[in-house]
Amino acid sequence: AVKAEGSKAANIIEILVKDGVYTPAYIQVGLNQPITLRFTREDASPCAEIVNFNSLNISRQLPLDNPIDININLTNPGEYEFTCQMGMYRGKLIAK
């Protein structure tokens, strides 16, 4: 798990979308700390086109080789899964 820490206004966590996986796939974040998830898709597979955070009602299109930022501020502890639209790519935000 990658830990996001710091008092900067924007904690940017780079996530690579490639070869059927999100890297990193497990990200630990603090509560009430705004973070920016920067998804960079290097996988041309149509499955990688969209990232969904179903429990947060967030869905974003990921253009090839063009970083997309998703700003999130989690206020409840727990695990928040993110997947591609087919559920093949899987990752998790762990808020503590």
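Buried means under 20% relative accessible area and exposed over 50%, with partly exposed in between (1.4 Å probe, protein chains only). By that scale Lys-18 is partly exposed, with a relative accessible area of 35%.

The structure is a predicted model, in which local features need pLDDT of at least 70 and side-chain atom pairs count only at pLDDT 80 or more, while totals for chains, interfaces and linings use all residues. Residues are numbered from 1 along each chain as its sequence is written, and side-chain values use heavy atoms, with hydrogens and water left out.

**Core and strand 8**

The largest nonpolar core (a set of buried Ala, Val, Leu, Ile, Met, Phe, Trp, Tyr and Cys residues joined through side-chain atoms within 4.5 Å) holds 25 residues, of which Tyr-22, Leu-37, Phe-39, Phe-53, Ile-72, Phe-82 and Leu-93 touch the most other members. Among the elements that give two or more residues to this core are strand 5 (35-41) and strand 8 (68-72); strands here are DSSP runs (E, at least two residues), numbered from the N terminus. In soluble globular proteins, nonpolar side chains tend to be buried together.

Within strand 8 the side chains alternate, Ile-68, Ile-70 and Ile-72 pointing to one face and being buried, whereas Asp-69 and Asn-71 point to the other and are not buried. Leaving aside neighbours within four places in sequence, Ile-72 is in contact (heavy atoms within 4.5 Å) with residues including Ile-35, Leu-37, Phe-53 and Leu-93. Strand 8 runs antiparallel to strand 5, to which five bridges join it; two strands pair if DSSP finds at least two bridges between them. Thr-36 stands opposite Asn-71 of strand 8.

**Salt bridges**

The structure holds five salt bridges, each a side-chain nitrogen of Lys or Arg within 4 Å of a carboxyl oxygen of Asp or Glu. Three of them are listed here.

| Pair | N to O distance |
|---|---|
| Arg-38 and Glu-14 | 3.7 Å |
| Glu-42 and Lys-18 | 3.6 Å |
| Asp-69 and Arg-38 | 2.7 Å |

Asp-69 in strand 8 and Arg-38 in strand 5 are 31 residues apart, and their pair links distant parts of the chain. Salt bridges that share partners join Glu-14, Arg-38 and Asp-69 into one network. Its members are partly exposed, Arg-38 with a relative accessible area of 22%, Asp-69 with 34% and Glu-14 with 48%. Glu-42 lies in the loop between strand 5 and strand 6 and Lys-18 in strand 2, so their pair ties together parts that are 24 residues apart in sequence. Glu-42 is also partly exposed, at 39% relative accessible area.

Technical notes. Helix = DSSP H or I, 4+ residues; strand = E, 2+ residues; numbered from the N terminus.
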